[in-house]
Amino acid sequence: MVFGENIKVRKRILQLIDGLTDEEFNGTPSHGGWSPKQIVEHLALMECRVATNIAQELKNPESLRVFKKPISVSASPLVKAYFMEYTQPTDMHLSIPEVKEKLHASRNYLLDIYESATITELRCKSLKHPIFGNVPLIQWFRFVGFHEKRHLRQLKRTVEQVKSARVPLVSTSKS
């Protein structure tokens, strides 16, 4: 199943943020970095971007047919990640339910794109990735899960830091 691992990782992300207070969710550790809210918001933005790019590429008659790429390595923190500005989370204060809705909407969008295409289209067309070059569209659905798995580690560390009484929080909200 294309989405099997994605579902497991998403479930773990949701479990991690469920026990947070509003202050913990929106606060960043004093040493910097993204808040739990910003990490999860980034995941929703990335998933929407991937879905949009796949939808556009499905309409491209010139799309290249390429071999599968080893995208599973993208979950490793040892592989350098390329940050795309359009996936930059905001400093806006959001509640856990609001961010969960963003995640839900981004997943539904990705599923809609998947269901609107044939497996042949998804295997025969590709989309450029900054590390792997052109990647078959079918692999991009799993890439979303690998991307979330990578950020799951970051989210775990951040949640531990914001829950720790020894680490003061810095508010990121601009209410």
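## Starting with strands

Two strands count as paired if DSSP finds at least two bridges between them. With that idea in hand, look at strands E2 (residues 126–129) and E3 (residues 133–136) in this predicted model. E2 and E3 pair in the antiparallel sense over 4 bridges, and they form a hairpin with 3 residues between them.

You can follow individual bridges in the picture. Leu-127 has Val-135 in E3 as its bridge partner, while Ser-126 is matched with Pro-136 in E3. One general point is handy when you look at strands: in a regular strand the side chains alternate between the two faces of the sheet.

## The whole chain

Now step back from the hairpin. How many helices and strands does the protein have? There are 6 helices and 4 strands. Reading from the N terminus, the elements run α-α-β-α-α-α-β-β-α-β.

The protein has 175 residues, and buried residues make up 45% of them. Sequence distance is also worth a thought here. Take the contacts between residues at least 6 apart in sequence: 83% of these join residues at least 24 apart.

## Helix H3

Helix H3 covers residues 36–58, which gives it 23 residues. From its first C-alpha to its last, H3 reaches 33 Å, close to the 33 Å expected at 1.5 Å a residue.

Is H3 largely enclosed or largely open to the outside? Of its 23 residues, 18 are buried, so H3 is largely enclosed by the rest of the structure.

## Aromatic rings that meet

There are 4 aromatic pairs in the model. In one of them, the ring centres of Phe-3 and Tyr-114 are 5.3 Å apart, with their planes at 90°. Planes over 60 degrees apart count as edge-to-face, so that is the label for Phe-3 and Tyr-114. This pair links distant parts of the chain: Phe-3 sits in the segment before helix H1 (4–18), whereas Tyr-114 belongs to helix H4 (residues 96–116), and 111 residues separate the two. Phe-3 has a relative accessible area of 6%, so it counts as buried. Phe-3 and Tyr-114 also join Phe-141 in one aromatic cluster.

A second edge-to-face pair is made by Trp-140 and Phe-143, at 5.2 Å centre to centre and with 65° between the planes. Why are these two separated by about one helical turn? The reason is that Trp-140 and Phe-143 are 3 residues apart in helix H6 (residues 137–163). Both Trp-140 and Phe-143 are buried.

## Two nonpolar cores

The largest nonpolar core has 21 residues. Those with the most contacts inside this core are Ile-54, Leu-110, Leu-122, Trp-140 and Phe-141. Which elements give two or more residues to the core? They are H3, H4 and H6. Apart from this core lies another, of 17 residues, with Ile-13, Leu-94, Ile-96 and Leu-103 among them.

Leu-122 is a good residue to click on. Leaving aside neighbours within four places in sequence, Leu-122 is in contact with Ile-54, Leu-58, Tyr-114, Ala-117, Pro-136, Leu-137, Ile-138 and Phe-141. Phe-141 and Tyr-114 may look familiar from the aromatic cluster.

## A few residues up close

His-151 lies in helix H6. With a relative accessible area of 12%, His-151 falls under the 20% cut-off and is therefore buried. Not counting residues up to four places away in sequence, His-151 touches Trp-34, Ile-39, His-42 and Leu-43.

Ile-119 has its place in helix H5 (residues 119–124). Is Ile-119 buried, partly exposed or exposed? Its relative accessibility is 35%, so Ile-119 counts as partly exposed. With residues up to four places away in sequence left out, Ile-119 touches Tyr-114 and Ile-138. Ile-119 and Leu-137 are 18 residues apart in sequence, and their C-alpha atoms are 9.4 Å apart in space.

## Cysteines

How many disulfides does a search of the whole structure find? The result is 0 disulfides. As for accessibility, Cys-48 is partly exposed at 29%, and Cys-124 is partly exposed with a relative accessible area of 22%.

Note on methods: Residues are numbered from 1 along each chain as its sequence is written. This is a predicted model: local features need pLDDT of at least 70, side-chain atom pairs count only at pLDDT 80 or more; totals for chains, interfaces and linings use all residues. Side-chain values use heavy atoms; hydrogens and water are left out. Rings of Phe, Tyr and Trp (its six-membered ring) pair if their centres lie within 6.5 Å; planes under 30 degrees apart count as stacked, over 60 as edge-to-face and the rest as tilted. Buried means under 20% relative accessible area, exposed over 50%, partly exposed in between (1.4 Å probe, protein chains only). The expected span of a helix is 1.5 Å times one less than its number of residues. A disulfide is a pair of cysteine sulfur atoms within 2.5 Å. A nonpolar core is a set of buried Ala, Val, Leu, Ile, Met, Phe, Trp, Tyr and Cys residues joined through side-chain atoms within 4.5 Å. Contact means heavy atoms within 4.5 Å.
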